[in-house]
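Please look through the model shown below with its packing in mind. The paragraphs after it go from the nonpolar interior to a pair of helices.

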Amino acid sequence: MIMSLSLLIIIHEGGHFLFARMFKVRVEKFYIFFDPWFSLFKYKSKKSQTEYGVGWLPLGGYVKIAGMIDESMDTEQMKKDPQPWEFRTKPAWQRLIIMVAGVVFNFLLALFIYSMILFAWGDQYVSVQKAPMGMEFNETAKSIGFRDGDVLLSADGKDFVRYDGNMLSKIVDSREVSVLRNGKKVAIYIPDKLMERLMTDSVRFATYRFPFVIDSVNTHSPAALAGIIPGDSIISLNGKPVSFFDFKKEMTRREKLVKAHKADSTNIYSITLAYVRKGQLCSLTMNTDSSFKMGVVPVTDYARLLPMVSHKYGFFESLPAGVNLGVKTLSGYVNSMKYVFSKEGAKQLGGFGTIGSIFPATWDWHQFWYMTAFLSIILAFMNILPIPALDGGHVFFLLYEIITRRKPSDKFLEYAQMVGMGLLLLLLIWANFNDIIRFIF
């Protein structure tokens with residue numbers, strides 16, 4: 001996470017730095033992370049006017065541009081006579097370009113990363129309309145009419161292609177979703193404020209159903225003694241067809257019955273399995289251990305079990321595809337922002353814990369770059385919001401100056417900066433407080 005954020009900060013602040021220097025504006029500091037009271041590292045060559053450093057507070061980074069009211073709150077400099085190399089003496093259009101450069105660089109970085117991901121790894125997904133076992137739905141989805149095994153087809157007549165955040169947005173914003181159930185097309189009415197209800201769930205709206213396939217068998221386990229081997233695909237439990245999720249639910253149900261003394265603990269450990277081995281249908285009856293474990297490790301990555309659609313991209317083909325992916329990601333994120341202002345949406349805001357959780361526990365270059373591109377999109381959008389202390393706040397005041405030909409006073413900008421920094425600090429505290437609450441409970 002730190003590596004990803006550091007890269008994004010360098011690119012973002014580098015955008016401000018590059019155009020500031022292009023317009024001959026002095027940049028006094030270029031820092032990764034903030035450095036109140038002290039820094040972890042700093043360097044300034046004798047020929048440079050810029051001090052480069054690494055702060056200790058990982059809340060972002062900054063470039064201190066001479067003659068500008070920013071997070072450094074250097075009001076003493078603003079009391080001196082304006083100098084030709086200061087930000088405040090440059091034409092409004094140059095100041096505007098300097099301020100939007102960071103956001104533009106972050107967005108361009110995201111488009112480039114998405115393009116290179118497609119070039120290096122291609123694109124691979126399950127066609128949601130061809131998922132052989134349909135989807136597994138959470139309780140909220142079931143309460144409005146979805147059923148486990150339903151194959152998602154379309155929302156308001158627009159066909160689904162892949163299950164992702166954009167598809168979920170289409171579902172919650174639609175009036176009617178069509179599914180294939182037991183070979184028949186069924187329409188499901190989507191109620192208002194479905195997203196607010198889904199945000200209270202700890203389980204995602206839906207996930208692909210896939211078979212219970214054995215990945216490995218523990219030595220001397222009940223499964224090993226019964227003759228189960230890796231690759232066996234369990235298709236029924238006690239005569240009922242099962243998926244991966246059905247099997248786990250049934251074993252959990254049995255465990256609860258025994259703990260509640262509502263079942264015969266001698267017979268309930270006995271299970272009858274039907275499974276496929278190398279194309280042959282087999283069956284057996286076996287006993288689990290006292291914890292209702294067979295002693296197997298199932299395959300949990302559905303990509304290994306379901307038919308995948310793959311698309312490889314050449315270098316030049318990957319560029320427009322990456323742009324399209326970046327624009328779709330930005331559009332989806334902007335669309336989801338409307339829920340932030342709801343009660344449940346405010347509870348979903350996350351801080352550093354949430355950011356860290358989106359990266360995999362084990363190193364994966366594909367996921368690292370994918371999440372870095374996504375965070376770059378978020379950073380670009382959040383920074384362009386017209387909130388004082390953010391780039392968007394500076395842009396808002398510059399546009400006001402260009403349109404009205406009246407420049408806001410330094411004192412007004414100073415107060416606006418303090419208000420904006422206060423709001424951002426409260427938001428930061430709230431987001432990380434949510435992380436702590438989620439971690440504890």
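What follows is a walk through the cores, one helix pair and one serine.

This is a predicted model, in which local features need pLDDT of at least 70 and side-chain atom pairs count only at pLDDT 80 or more, while totals for chains, interfaces and linings use all residues. Residues are numbered from 1 along each chain as its sequence is written, and side-chain values use heavy atoms, with hydrogens and water left out.

The largest nonpolar core (buried Ala, Val, Leu, Ile, Met, Phe, Trp, Tyr and Cys residues joined through side-chain atoms within 4.5 Å; buried means under 20% relative accessible area with a 1.4 Å probe, protein chains only) has 50 residues, of which Phe146, Leu152, Phe205 and Leu273 touch the most other members. A second, separate core of 19 residues includes Leu5, Phe368, Ala373 and Phe381.

Helix α3 spans residues 92-121, and its axis passes 7 Å from that of α9 at an angle of about 125°. Because angles from 65 to 115 degrees count as roughly perpendicular, those under 35 as roughly parallel and those over 145 as roughly antiparallel, with the rest oblique, α3 and α9 are oblique to each other. Among the residues making the contact (heavy atoms within 4.5 Å) are Ser115, Met116, Leu118 and Phe119 of α3 and Phe315 and Ser318 of α9.

Where does Ser318 sit? Ser318 belongs to helix α9, residues 315-336, and counts as buried because its relative accessibility is 0%. Setting aside residues up to four places away in sequence, Ser318 touches Ser115, Met116, Leu118, Phe119 and Tyr313, and a polar atom of the Ser318 side chain lies 2.6 Å from the backbone oxygen of Phe315.

Definitions and conventions: Helix = DSSP H or I, 4+ residues; strand = E, 2+ residues; numbered from the N terminus. Polar contact = N/O pair within 3.5 Å; in protein donor to acceptor, adjacent residues only side chain to side chain. Axes fitted to C-alpha atoms, helices over the stretch in contact; angles between N-to-C directions.
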